Structure formats: structure tokens, C-alpha cells
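Open the model in your viewer and keep the sequence panel visible. The stops below go from the whole chain to single side chains.

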Amino acid sequence: MKSIYVGIDISKKTLDFCVQNQGDLDYFKIPNKVKSIQKLLKNLAKIDPNTYIAMENTGYYNYNLYEVLEGFDFRVYVVDPKHIKRSIGLVRGKNDKVDAKRIAVFIERNHQDFEPWKPASEVVKTVKILMSQRRSKIKQRKALKQQVADLKYVSFNKTTKRLITINERAIKQLDKFIKELEALIRAEIKTDKELSTQVKRIKTVPGIGDITAWMIAVKTEGFQRLLDPRKLACFAGVVPFEQQSGSSLKTKPRVSKIADKKLKWVLQMAAMRAVRMQNQLKVYYDKKVKEGKNKMSVLNAVRNKLLHIALALIKNQTYYKNSLDLS
């Protein structure tokens, strides 16, 4: 008996299912609500409890589906939209039904290349939401700061100066909100003893602070997936790949643009902090730069090393020790 492959296109209010069963395609459109999802998946489980199900990661809109899927034995995959987009090549037209079919076809052909989805703990799910809220507030704060900077060039009367004051007050409120969110994240992580310990481990690595540690914890689903350092480094977009074809195309190894930009950004900040501190990573950075290596390439290598060191600490259940004893 051939397996059944299901692609799900997710939106805020509805879910579009494409069920591919031995060449036949069936489509279902249901509300994005727990009861509606349960009803459809129960019927699907009666046909094949080991059905392959795939979806794109759309953030909050996935959560009802995740909640229901925890009660079934389906083989579930959450795929980065960029993978699917690049796999289908040049296409014309787009709608939810077509997208669901493309996801179903994609997972039939490529499921062996992906790790199955596993339910995250309540703590990890909560931290994800809090981190998302924090990013949103930081983005708002950045926009307000830019507006203040621009207004200072045109503050020609009392009204424009008053507008600057209003924006500066909003920035202070956002600062307070962000600090409260960070306090909530710390408190939430503390409720999970194992997760709290793992976060403390990787924070002993030079350059890795709260935000980087939280991001790594979230992207690994609480250190339950992507624990192969090279896979996580590829996911973060810090592994250089060679471009070579025959004798006409050969370039220096470069990092791929297909990456998790949020994780890549926090690793960039962590690497910049690490090379300013007294540790082996700074020694490595200074040595390579002195040899004439490009600074950004060396900094990318430091990002890669940070992930390898962090996951080594998780694997060995130990803490980082700085061999440069300056006391």
C-alpha cells in the first residue's frame, strides 16, 4: 500500500488540505480551529495513521494544527517556505489550493531529507511567542528612533518639536515593555529545570548572552532537534559552500542566502562580542586577520565555531572553560 501525502496551506482563518492518495487528489478547506482540524484528521487517521503531513512555518497560525497533531501518529514535517519555492522552479499563478498541492508533492519527493516535526514543550512554545513579541517591539522602537532622527532635521516649530517629544516618550515605553518581556522569558525558562541548565551552559561561551542563548534554544526546540552542529550551522547560514562547475565557474566558498536570518543575526552580534574578549576565539580571529584573511570571513568562521562549541557543551553536559588565564 502506497503512503498518503498531505500538504497544508495555512492562513489566519482557514486551512487548505491537499490529500494525495495513490495518484488521486482530494481538497478540503476548513476553519483554522481545533475542532475542525480534529474532525478532519480523525478521518484521515482511519485511512492511514502513518500519513505524511507537511506544512510551511507561518508562526502563530500553525499553533492550532500543532495542538491537534500531538494526539496522532502522523509523520509531520514543517518546511521552510524557501525550500518549496526553490524546488518548484518557475511557476505562474498562486492560490491556497495550488500551494497545498505543491507542499504535498514536495514532501512526497523530499521527506527523507528532513527531520520529522516533534511537539515542543509548553515552555518552548511560550518562549517562542515572547521572543516574537520582543522582535516586534524592537522593530517598532527602531522605526521610532529613525523618525526622531529625521524630525530633528526639520524641527522648525513647536508642533514638530512636540512630535519629537511624543516619539521619545513612546520609545521609553517600548524600552520598558521590552525589559518586561525579557523578564517573562527568564521566568518561563526557569520553570523548566533542564532547559534552564542548558541555557546556562551555552551562556558560558564567550559572546553568547541571553538573546543568543534563547534563540538557539528556540530554534532547536529546547535542544531536541538540529543538534548536529554542522546542520545547525547550515540552518543558520554560516557554512561556506563552493560554487564550481567545469572550468568556467569556480568561486571562493560563500555562505548561502538560504538561512534563518534571525539566528544568523544574533550569532553575528555574539561573534563581534567574542572577538573583543580575552579567549581562544579572539586569538583565532587576530591570527587569521594578521595572515591577511578577510575580516568578515573570519568573523563568519567565529559564528560557526560558536555553534559548534555550544552544541558540544550540550552533548557533553559541561561548561565552557577559558584556557587563557589572565589572573
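A contact here means heavy atoms within 4.5 Å. Of the contacts in the protein chain between residues at least 6 apart in sequence, 62% join residues at least 24 apart. Bear in mind throughout that this is a predicted model.

**Whole chain**

Start with everything selected and shown as a cartoon. The secondary structure of the protein chain consists of twelve helices and seven strands. Reduced to its C-alpha trace, the chain spans about 65 × 60 × 50 Å along its principal axes.

Switch to a surface. The accessible surface of the protein chain is about 19900 Å², and carbon and sulfur atoms account for 52% of that. What share of the 327 residues is buried? Buried residues make up 38%.

Now colour by charge. The protein chain carries 66 positive and 32 negative side chains. The centres of these two sets lie 7 Å apart.

**Tyr-52 and Tyr-77**

Next, show the aromatic side chains as sticks. A pair of aromatic rings is described by the distance of the centres and the angle of the planes. With ring centres within 6.5 Å as the limit for a pair, the count comes to seven aromatic pairs. Select Tyr-52 and Tyr-77, which form a stacked pair with 6.3 Å centre to centre and 15° between the planes. The pair links distant parts of the chain: Tyr-52 belongs to strand β4 (residues 52-56) and Tyr-77 to strand β5 (residues 75-79), 25 residues apart. Are Tyr-52 and Tyr-77 buried or exposed? Both are buried.

**Tyr-60 and Tyr-63**

Move on to Tyr-60 and Tyr-63. The centres of these rings are 6.2 Å apart and their planes stand at 75°, so the pair is edge-to-face; planes over 60 degrees apart are given that name. Tyr-60 is partly exposed, with a relative accessible area of 38%. Tyr-63 also counts as partly exposed, at 23% relative accessibility. Add Tyr-66 and Trp-117 to the selection: together with Tyr-60 and Tyr-63 they form one aromatic cluster.

**Two lysines over rings**

Select Lys-97 with Tyr-27. The charged end of Lys-97 sits over the Tyr-27 ring, 4.5 Å from the ring centre. Then select Lys-305 with Tyr-284, where the charged end of Lys-305 sits over the ring at 4.6 Å from its centre.

**Tyr-285**

Go next to Tyr-285, in helix α11 (residues 280-290). Why does Tyr-285 count as buried? Its relative accessibility is 15%, and buried means under 20%. Which residues does Tyr-285 touch, not counting those up to four places away in sequence? They are Val-275, Lys-295, Val-298 and Leu-299. Draw a distance between the C-alpha atoms of Tyr-285 and Leu-299: they are separated by 7.1 Å, with the two residues 14 apart along the chain.

**The loop between α8 and α9**

Finish at the loop between α8 (210-219) and α9 (229-236), where Phe-223 is found. Phi of Phe-223 is near 65°, a positive value in a residue other than glycine. Phe-223 is buried, with a relative accessible area of 5%.

Leu-226 lies in the loop between α8 and α9 as well. Phi of Leu-226 is near 55°, again positive in a residue other than glycine. At 9% relative accessibility, Leu-226 counts as buried.

How values were computed
Residues numbered from 1 in each chain as written. Predicted model: local features only at pLDDT ≥ 70, side-chain atom pairs only at ≥ 80, totals over all residues. Heavy atoms only, no water. Helix = DSSP H or I, 4+ residues; strand = E, 2+ residues; numbered from the N terminus. Buried < 20%, exposed > 50% of the residue type's maximum accessible area, 1.4 Å probe, protein only. Areas by Shrake-Rupley, 256 points an atom, 1.4 Å probe, with all protein chains shown as cover. Lys, Arg positive; Asp, Glu negative; His and termini not counted. Charge placed at Lys NZ, Arg CZ, Asp CG, Glu CD. Phe/Tyr/Trp six-rings, centres within 6.5 Å; stacked < 30°, edge-to-face > 60°. Lys NZ or Arg CZ within 6 Å of the ring centre and 35° of its normal.
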